[in-house]
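Q: Can you walk me through this one? I'd like to go from the sheet to the cysteines and then the aromatic rings.

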Amino acid sequence: MKLAVAILISGSGSNMVHLVKSMDSEHPAFPSLVISNKSNAKGLEKARHLGVPTEVINDKFYNNNKLDFEKKLMHTLKTYNIELICLAGFMKILSKDFINNFKNRILNIHPSLLPKYKGLNTHARALEANDTIAGCSVHLVTPELDGGPVIDQIKVKIEKNETEKSLAAKVLMAEHILYPKVLFNFANKIKKSTEIGNRK
Ligand code: GRF
């Protein structure tokens with residue numbers, strides 16, 4: 001049985017598209033659902049185009065009430081029997097309780113070489129610091145923002161004339177390679193450990 005994956009987005013969803021496309025017939029997981037907290041997220045249309053069910057849990061309707069938002073999110077994930085969550089440009093911070101309910105089952109992609117530059121504006125901060133190397137990280141989500149264990153990273157070189165825009169584009173291309181690779185290995189590991197667990 002393949003693992004059911006939910007991909008959570010808020011915007012353009014380019015990482016989501018690469019994750020969905022990577023889950024072919026040989027993959028240990030399948031894209032069961034794409035969820036957005038923004039009804040106008042461009043990624044929603046892309047997901048539908050790829051034939052993946054979509055749900056909008058509009059945080060506007062929840063008046064930024066995190067508890068109710070997460071109750072609805074949890075209910076939706078249960079309805080689809082989701083076993084693994086990939087955050088892909090999902091711009092909402094999840095609570096400790098929610099994360100602990102999916103312990104070691106939530107991945108996130110972050111556009112920096114963690115532990116450097118947690119949070120926002122990572123590229124501007126790397127340029128400001130005159131860094132020569134930037135990159136992206138996939139990490140396990142824990143209650144500490146962008147602070148969970150890093151699973152893998154890709155580095156990119158910062159050129160002399162680099163701008164925030166050019167760096168963002170370069171890092172995003174690296175993200176599209178990194179995230180599917182990590183998902184494949186991570187899903188395989190979960191599948192193997194549950195198969196061993198079932199045999200015991
Ligand atoms: C990516 O850079 C990701 O690392 C960050 O938000 C961006 C989302 O891009 N968290 P997309 O929606 O996947 O195109």
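A: What follows takes those topics in turn, and the model is a predicted one.

Q: OK, the sheet. How many strands, and in what order?
A: There are seven strands in an open sheet, ordered E3-E2-E1-E4-E5-E6-E7, and the pairing is mixed.

Q: Which strands stand at the edges?
A: Strand E3 (54-56) and strand E7 (150-157). Each has a single partner strand, so one side of each is left without a neighbour in the sheet.

Q: And what does the twist average?
A: From one strand to the next, the twist averages 20°.

Q: Which helix packs on the sheet and touches E4 and E5?
A: Helix H1, residues 14-22. Besides E4 and E5, helix H1 touches strand E1 (3-9) and strand E2 (29-36). The direction of H1 makes about 165° with that of E1.

Q: What about H2, where does that lie?
A: Helix H2 covers residues 42-49 and lies across E1, E2 and E3. Its angle to E3 is about 155°.

Q: Let's look at E4. In what sense does E4 pair with E5?
A: Parallel, over three bridges. E4 is residues 84-87 and E5 is residues 106-110. Across that pairing, Leu87 stands opposite Asn108 in E5.

Q: And E1 with E4, how many bridges?
A: Four, with the two strands paired in the parallel sense. Here Leu8 stands opposite Leu87 in E4.

Q: What do E4, H4 and E5 make?
A: A β-α-β unit, which is right-handed. Helix H4 in that unit is residues 96-101.

Q: Which way do the E4 side chains point, and are they buried or exposed?
A: Leu84 and Cys86 point one way from E4, while Ile85 and Leu87 point the other way. All of them are buried.

Q: You mentioned a cysteine there. How many disulfides are there?
A: The count is zero. A disulfide needs two cysteine sulfur atoms within 2.5 Å.

Q: Why can't Cys86 form a bond?
A: Because the closest cysteine sulfur, in Cys136, is 14 Å from the sulfur of Cys86, and that is too far.

Q: And Cys136, which sulfur is closest to that one?
A: The one in Cys86, again at 14 Å and too far for a bond.

Q: Are those two buried or exposed?
A: Cys86 has 0% relative accessibility, so Cys86 counts as buried. Cys136 is buried too, with a relative accessible area of 0%.

Q: New topic. How many aromatic pairs does a search of the whole structure find?
A: Two. One of them joins Tyr62 and Phe69 in an edge-to-face arrangement, 6.1 Å centre to centre and with 90° between the planes.

Q: How buried or exposed is each ring residue in that pair?
A: Tyr62 is partly exposed, at 21% relative accessibility. Phe69 is buried, with a relative accessible area of 2%.

Q: And which rings make a stacked pair?
A: Those of Phe98 and Phe102. Their centres are 5.9 Å apart and the planes are at 25°, so the pair is stacked. The angle matters here because planes under 30 degrees apart count as stacked.

Q: Are Phe98 and Phe102 buried or exposed?
A: Phe98 is buried, with a relative accessible area of 2%. Phe102 is also buried, at 12%.

Definitions and conventions:
Residues numbered from 1 in each chain as written. Predicted model: local features only at pLDDT ≥ 70, side-chain atom pairs only at ≥ 80, totals over all residues. Heavy atoms only, no water. Buried < 20%, exposed > 50% of the residue type's maximum accessible area, 1.4 Å probe, protein only. Pairing = 2+ DSSP bridges. Axes fitted to C-alpha atoms, helices over the stretch in contact; angles between N-to-C directions. Contact = heavy atoms within 4.5 Å. Right-handed = clockwise from strand over helix to strand, strands pointing away. Phe/Tyr/Trp six-rings, centres within 6.5 Å; stacked < 30°, edge-to-face > 60°.
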